[in-house]
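Hi everyone, thanks for making time. I'll put the structure up and then talk through the salt bridges.

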Amino acid sequence: MAAPMEVAVCTDSAAQLWSCVVWELHSGANLLTYRGGQAGPRGLALLNGEYLLAAQLGKNYICAWELQRKDQLQQKIMCPGPVTCLTTSPNGLYVLAGISENIYLWEVSTGNLLVILSRHYQDVSCLQFTGDSSHFISGGKDCLVLAWSLCSVLQADPSRTPPRHVWSRHTLPITDLHCGFGGPLARVATASLDQTVKLWEVSSGELLLSVLFDVGILAVTMDLAEHYMFCGGSDGSIFQVDLCTWPGQREKSFQPEQEHGKVFRGHRNQVTCLSVSTDGSVLLSGSHDETVRLWDVQSQQCLRTVTLKGPVTNACIMLAPVSMLSSDFRPGLPLPHFNKHLLGAEHGDEPHRGGLMLRLGLHQQNVLGGQDQLRIRVTELEDEVRNLRKINRDLFDFSTRIITHPTK
C-alpha cells in the first residue's frame with residue numbers, strides 16, 4: 001500500500017491566477033487550483049476532508065469548494081462581518097470564525113450558529129482546535145490568548161461561560177498559535193509582536209517556556225514529535241528552538257550567534273506562515289516577499305522556492321484526503337445554509353414561539369412587547385458600542401506605536 005501523499009496548500013493576497021494552489025510536496029508538481037476570491041491570513045481550513053473553506057480578505061463571507069470541483073464555487077457562507085481568522089474542528093462537526101472581537105461557532109450538520117463568544121477586546125487574529133476537538137484556542141490583538149472547553153461553551157450560557165484559561169503574559173498583539181498533540185493535555189505555542197514565543201500547557205494553564213528574540217514573531221509551529229519549535233520573524237529569518245535540550249530555566253533569550261545552524265535564512269520579508277511535514281524532515285514557509293520555500297530541517301538548506309503573485313497569506317502541509325485525489329469522489333452531505341443569527345434571537349432564521357429572545361452584548365432579555373421602542377433602543381446601544389470600540393481601538397493603536405517606535 002502506497003504511503004499517503006503530502007501536499008502543500010498555499011494562498012496569496014493577489015489571487016490573480018487562482019485563489020488557492022495545491023502542489024505535491026516533494027516533486028513540486030501542481031495538482032489543483034481553486035478560483036474565486038482572495039483568502040485572508042489564517043483564513044484557510046479543510047472541512048471533514050471534503051470541502052476547502054477560505055475566509056475572504058476584508059469581505060464578510062467564506063468561500064467553500066468541494067475538493068474535486070475546483071473550478072466551481074460551491075457556496076458563499078455569509079457572515080455578520082469580515083472574517084479575521086477561520087478554523088474547523090478535526091472531527092468535522094464545527095466551524096469556528098473570528099469576526100472583529102467575537103468568536104462565532106457553527107454546527108456543520110445543520111448550519112446553526114450555536115454560540116457567539118465575546119471575551120476579546122480587539123480583533124481575533126488566530127484560532128485553532130486541539131487534535132481531539134475538545135478545546136479550542138483563540139488569540140487576539142488585545143494581547144490575550146484564551147483556552148476554551150468546547151463542552152462548556154455548548155452546554156452553558158455563553159454570556160456566563162468563562163474561558164478555561166486566560167493567558168495574558170504577552171504585551172503586544174498575538175500573531176499566531178499552534179496546538180500540539182494530546183487533546184486536553186496538549187501544549188500550545190503562541191507568537192507575538194512583543195518578540196516572544198511562549199509555550200503553555202492546556203491541562204494546567206501553566207507557562208512552560210518563554211523565548212525572547214531580537215525581532216517580532218509572526219508565525220510559529222512545531223513538528224509532530226514536538227522536538228523543535230519553528231518561529232518566523234519579521235526580518236525574514238526562521239528560528240529553530242530545540243525543546244528537548246533546552247536548559248531548565250523557563251525564560252531565556254534566543255541568541256542567533258550562539259545557536260549555530262539553528263536559523264533559516266533566505267526570505268527577504270516577514271515570514272507569515274510555517275508548517276512541518278509529517279516526518280519532521282521538511283519545513284514549509286510563506287512570506288510577504290511573495291515566495292513559498294521548502295527547507296531541509298537537518299541542514300537548514302532551501303530545497304525549493306515557489307514564487308507567487310502577492311504576499312503569502314496561508315501555506316500549510318497536509319496529508320491529501322482521498323477526495324482530493326479521486327475525480328469520482330463527492331461529499332457525503334451537501335453544506336447547509338449557515339445562519340447569521342443565533343437560534344431564538346430576534347431576526348433569526350428560526351421562529352421563536354411565545355416571545356422573542358434578544359441578545360445585547362453579553363446580556364439576554366426576554367421581549368414580549370414594545371417592539372418599535374425596543375428596536376430604537378437597540379440601535380442607540382449598537383451605535384454607542386461602535387463608538388466605544390473605535391475609541392478603544394484608536395487608543396490601543398496609539399499605545400502600540402509608542403511602544404514599538406519610541407521617539408528618539
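**Confidence, repeats and salt bridges**

So, this is a predicted model, and the average pLDDT for the protein is 86, with 88% of the residues scoring at least 70. The stretch to watch is residues 346-369, where pLDDT drops below 50, though the model still gives that stretch 47 contacts beyond near neighbours in sequence. Where pLDDT is low, the predicted coordinates shouldn't be read in detail.

On annotation: the unreviewed UniProt entry puts "repeat: WD" on residues 117-150, 188-210 and 264-305. In the model, 117-150 comes out as 53% strand and 3% helix, with its end C-alpha atoms 12 Å apart. For 188-210 we get 65% strand and 0% helix, and the end C-alpha atoms are 12 Å apart.

Now the salt bridges; the structure holds eight. One of them pairs arginine 42 with aspartate 176, at 3.3 Å from N to O. Arginine 42 sits in strand S4 and aspartate 176 in strand S16, 134 residues apart, and both residues are buried.

What does arginine 393 pair with at 3.7 Å, N to O? That's glutamate 101. Glutamate 101 is in the loop between strands S9 and S10, while arginine 393 is in helix H3, so the pair ties together parts 292 residues apart in sequence. Glutamate 101 is buried at 6% relative accessible area, whereas arginine 393 is partly exposed at 27%.

Arginine 393 also bridges to aspartate 123, with the closest N and O atoms 3.6 Å apart. Aspartate 123 lies in the loop between strands S11 and S12, so this pair links parts 270 residues apart. Aspartate 123 is buried too, at 17%. Add Arg389, and you have a salt-bridge network of Glu101, Asp123, Arg389 and Arg393.

Note on methods. Residues numbered from 1 in each chain as written. Predicted model: local features only at pLDDT ≥ 70, side-chain atom pairs only at ≥ 80, totals over all residues. Heavy atoms only, no water. pLDDT = per-residue confidence, 0-100. Contact = heavy atoms within 4.5 Å. UniProt positions renumbered as here; feature names shortened; annotations may be inferred. Helix = DSSP H or I, 4+ residues; strand = E, 2+ residues; numbered from the N terminus. Salt bridge = Lys/Arg side-chain N within 4 Å of Asp/Glu carboxyl O. Buried < 20%, exposed > 50% of the residue type's maximum accessible area, 1.4 Å probe, protein only.
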